[in-house]
Amino acid sequence: MTRFMDKTFWGLTIGLVVILVANFLLEDWLRFIGLQSMARGAVALGLLILWRAGLVSFGHALFFGWGAYAVALSQKIGITDALLGIIIGTIASGLLAFALGFLLRRYRAIFFALLNLAFSMILYGVLAKLEVLGSTDGIGVKQPSYFGITPEGANAHITLFCFTAIIVYIVALAVHRYLSSTLGAMTIAVRENEIRLEYLGYSAEKAIHVKYVFSGLLAGFGGAVMALAVGHVDPDSMVYWPNSGDFVFITILSGTGNVAATFIGALAFELIRTFAFDYAPQIWQLLMGGTLLVIVMFLPNGLWSLTEHLGKRRKSAPSPAE
Amino acid sequence: MARVLEVHDLEKSFGGVVAARDINVTIDEGETIGIIGANGAGKTTFVNMVTGYLRPSAGRIEFMGRSILGMAPRRITTLGLCRSFQVPQVFGSETVFENVMIAMGIAESRGPALLAPLFAPARAARAETHMARYQIADYRDVAADALPQGVRKLLDIAMATVRKPKLVMLDEPTSGISVEEKFGLMDIIMAALREEETTVLFIEHDMEIVERYVSRVLAFYQGEIICDAPPAEALEDPRVKEFVVGQELHRSTHGAEETGNA
Amino acid sequence: MDLQLLIVIIVDGLIYSSYLFMVAVGLTVIFGVQKVLNVTHGSFFAFGAYLAATLIGVWYNAELPAFGGFLMIFLAAAFLGVVFGLVIERGLLRYLYHRDEHIVVLATFAAFLALEDVIILIWATDPYFAYQPMELLGWTDIAGLTFDNYNLSMVGVSMTIALIMWFTLTRTRFGKILLAVIFDREMSQSMGINVNKVFLVTFMIGAFLGALGGAYVAPTISVQPGIGVEVVVLAFAVVVIGGMGSIPGALIGALVVGISRAASVHLLPEVELFVIYAIMAVVLVLRPEGLFAPPQARKI
Ligand SMILES: Nc1ncnc2c1ncn2[C@@H]1O[C@H](COP(=O)(O)OP(=O)(O)O)[C@@H](O)[C@H]1O
Ligand SMILES: [Mg+2]
């Protein structure tokens, strides 16, 4: 249970190998879906951490957009390296979450959710009006370079995909480790009983703040990857409230049982959306909404619960984050 | 004997209600103290103030020779003053083992160590020992929400004592427990705490239990301590007889039907 | 600041507040009684606008008496209130009352997404215009400025709604029952109140009000896909500012948002889009329960 190389480790490792191989075989549109899944999946991973603590944010498009714009702006000052850009986007959102966290750590339940929504809508309103940032048109993002080399054409996405997949792999493992650590176990403590947590000697607010910063970092990372993948940032497709809804959607779809599930859920989300959009453009939202309703009604623990239905073993495994 | 807790002139009022007035208490190492008093007498408020949940309106509180007034519960906890609750405060969805593990993990880790795995084998072994001491090991894999009331009380106290505190305050450890089970429960608790050499203060309504376990009684009435003496003496005190014991007798005849379904 | 500008801001602000109140009051009623933050409220608004626009079009094409157009607006809203009450409350929410509040919000978000497409399936993507009622009422000059009477009439409609709600809650049996259910669901159930029925009726009223917002606004806008999306968060903001579940709160929230939005449009257009959410954030920070709900203490 505490072994570093547990099932999740192997699952993620095999997953990484598979998608790295697939990367070279896939058609470009599928590769693009893969990239988007990793980006949105990362945000959902942040929401998973909060969700386990009993908190839901209806405004994580704030950090997603913030990270995306950070990448776009860093290019304006001449930073074209992908890794550097992604780091900047991630840190920028982490800092924002750190600052806002002093406030948000005091709120719970619907107030937490809505305060996040309010902040994301403020950013949306500002970006939509700021001429220097292209208002509602947004700004373009160039193909990044990788340690001095700038791949062209199809290679651009192949490289970005490899690169992102490896980082996502590391991040997912780190989050997995985090969830099984003492600090990670406090997510459950916060959700179940803050008074007891205080009387065990740890501040519930501090625990929430830490989680909030993690979720901000992850959302910023997702936004940065998205900016590079799409080659463009704008308020409507990155910061407007339905984006935040998408992230919560993915979290529900995946269930909060396992970090790997989040990326499977994200992929399922992107596939459903893309196919619905291509084959039934009139009713794609109907299909999305319908899927979500089915999940909420019949699979309350998300797609991940399917795996638990299949292999009913548990009970003897005591870890809250298997 | 070393002084563990010293409380001077503590006051607390909620709006018009005076929940504590003129409270002066000292507790020495190794004592076992029972607090008695009718409902609403201010017993829980006293524990809440000493453990930092409520800020007194006035007064001084010293624990192991240093002032803990105004400190948050988590600070006071880390200094070695812990508590359990009238209504057990546990992580309901988690099993007994997980509850104890989380409690131990938090008690044992600071800073970067918090990022180490919670379920380390060495800690798991300590948790098993701790559960055995409180005789809750049989319920190891049962979610706290599904526990019988007595076991949940024990779990609450077990979680409060993972730090091996200097002083532990138990708020009505036997409330909601049937009369037949009370002594068994108290035996387990007191044996475990003696083994850990913890100084104990507990709130109790049952005078038989008080007589059997405590070395000193504090009787509360309307926010004041009306008697501070060894049990034999305290239970004979006319004011205690009138305001506490009398009310308790009244209460227990009344509460008979209620405990029946517990 | 010159007087004319001040008047514009006040009148525009009042009109906008009235619109917001109409939209938000239904949301707050449903939240107050069912404790459900209902995203489908945006759909009620959009459906209201579409159905009203359609009916108004039919009405005027048939060259029926001109003022009947207003009848169509209320007819559309009433019809939708009943339909949505049955579909969303009976068909969906009642299975979710025992679930986590976040799950319920998300379920309504899902239903909202689905309904966005139902609108397109029914009405396609071309915009609808139902300007006739607006034309009919003409305009008024106030201090040398021209205002559409139709817009001004919104103030009257909102005030009427507010009065009726106040009367219902304080002076009628149904109001007393509602307050009992809001105060303690289990208790009222054990007192013999049919909570299910109360839920359904409140939801219908809430849906009716949401649809009425859309229906009444329809003649002043181009009715097209996506109009419900903005309304949801706007209504959220109003309700949060006033205090979730509080009707006077919705009124105050609408006024605060309406006037400040009008002021920013005329004085500082750059901040127009976010001023509302900035107020929402400030209120949440200073008084998370909103301006109109009492804070609650916790005891162990
Ligand atoms: N947080 C609070 N707010 C207001 N009044 C309180 C609070 N806590 C306790 N009280 C009041 O203080 C008095 C003492 O309560 P408490 O200490 O809980 O009594 P008990 O001796 O039964 O534990 C009671 O009148 C109670 O109503
Ligand atoms: Mg008490």
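## Strand 1 and its partners in chain B

In this predicted model, B:Glu11 has B:Ala58, a residue of strand 4 of chain B, as its bridge partner. This pair belongs to a longer pairing, in which strand 1 of chain B is joined to strand 4 (residues 58-63) of chain B by five bridges, the two strands running antiparallel.

Strand 1 (residues 3-14) of chain B also pairs with strand 2 (residues 17-28) of chain B, again in the antiparallel sense, and here the pairing extends over eight bridges. Among the partners that can be followed in the structure, B:Leu5 is matched with B:Ile27 of strand 2 of chain B, while B:Phe14 is matched with B:Val17 of strand 2 of chain B. Two residues lie between the strands of this hairpin, and B:Gly15 takes a positive phi near 55° there.

## The four-stranded sheet of chain B

These pairings form part of an open sheet of four strands in chain B, whose order is 2-1-4-5 and whose pairing is antiparallel. Which strands stand at its edges? They are strand 2 and strand 5 (66-67) of chain B, each of which pairs on one side only.

Helix 1 of chain B packs on this sheet, where it touches strand 1, strand 2 and strand 4 of chain B, and the direction of the helix makes about 120° with that of strand 1 of chain B.

## The six-stranded sheet of chain B

Chain B also has an open sheet of six strands, arranged in the order 6-7-8-3-9-10, and its pairing is mixed. Strand 6 (81-84) and strand 10 (224-229) of chain B stand at the edges with a single partner strand each, so one side of each has no neighbour in the sheet. On average, and with direction ignored, neighbouring strands of this sheet are turned by 20° against each other. At one of these edges, strand 9 (residues 216-221) of chain B runs antiparallel to strand 10 of chain B and is joined to it by five bridges; within strand 10 of chain B, B:Cys227 is the bridge partner of B:Ala219.

Helix 1 (residues 43-50) of chain B lies across strand 3 (32-37), strand 6, strand 7 (167-170), strand 8 (199-203) and strand 9 of chain B, and it runs at about 145° to strand 8 of chain B. Helix 5 (residues 149-160) of chain B packs on the sheet as well, touching strand 6 and strand 7 of chain B, and its direction makes about 170° with that of strand 6 of chain B.

## Helix crossings in chain A

In chain A, the axes of helix 7 (residues 182-192) and helix 9 (residues 204-230) come within 10 Å and cross at roughly 120°, and the two helices are therefore oblique to each other. Helix 7 of chain A passes helix 9 of chain A in a left-handed crossing. The residues that make the contact include A:Leu183, A:Met186 and A:Val190 of helix 7 of chain A, and A:Ala207, A:Ile208 and A:Lys211 of helix 9 of chain A. The residues of this contact divide into seven nonpolar, two polar and one charged.

Helix 9 of chain A also meets helix 4 (residues 82-104) of chain A, where the axes come within 7 Å and cross at roughly 145°. Helix 4 of chain A passes helix 9 of chain A in a right-handed crossing, and the residues of their contact divide into 15 nonpolar, nine polar and no charged.

## Where chain C meets chain A

How many residues of chain C are in contact with chain A? There are 45 of them, in contact with 42 residues of chain A. Between them, chain C and chain A bury about 3,900 Å², 80% of it on carbon and sulfur atoms. In chain C, the residues that lose the most area to chain A are C:His102, C:Leu106 and C:Asp117, which together account for 16% of what that side buries.

Key. Residues are numbered from 1 along each chain as its sequence is written. Chains are lettered from A and ligands numbered from 1 in the order in which they are written. This is a predicted model: local features need pLDDT of at least 70, side-chain atom pairs count only at pLDDT 80 or more; totals for chains, interfaces and linings use all residues. Side-chain values use heavy atoms; hydrogens and water are left out. Axes are lines fitted to C-alpha atoms, for helices over the stretch in contact, and angles run from 0 to 180 degrees between N-to-C directions. Angles under 35 degrees count as roughly parallel, over 145 as roughly antiparallel, 65 to 115 as roughly perpendicular and the rest as oblique. A crossing is left-handed if the near helix is turned anticlockwise from the far one by less than a right angle, and right-handed if clockwise. Contact means heavy atoms within 4.5 Å. Ala, Val, Leu, Ile, Met, Phe, Trp, Tyr, Cys and Pro count as nonpolar, Asp, Glu, Lys and Arg as charged, and the others, Gly among them, as polar. Two strands pair if DSSP finds at least two bridges between them. Buried area is the accessible area (1.4 Å probe) that two parts lose on being put together, summed over both.
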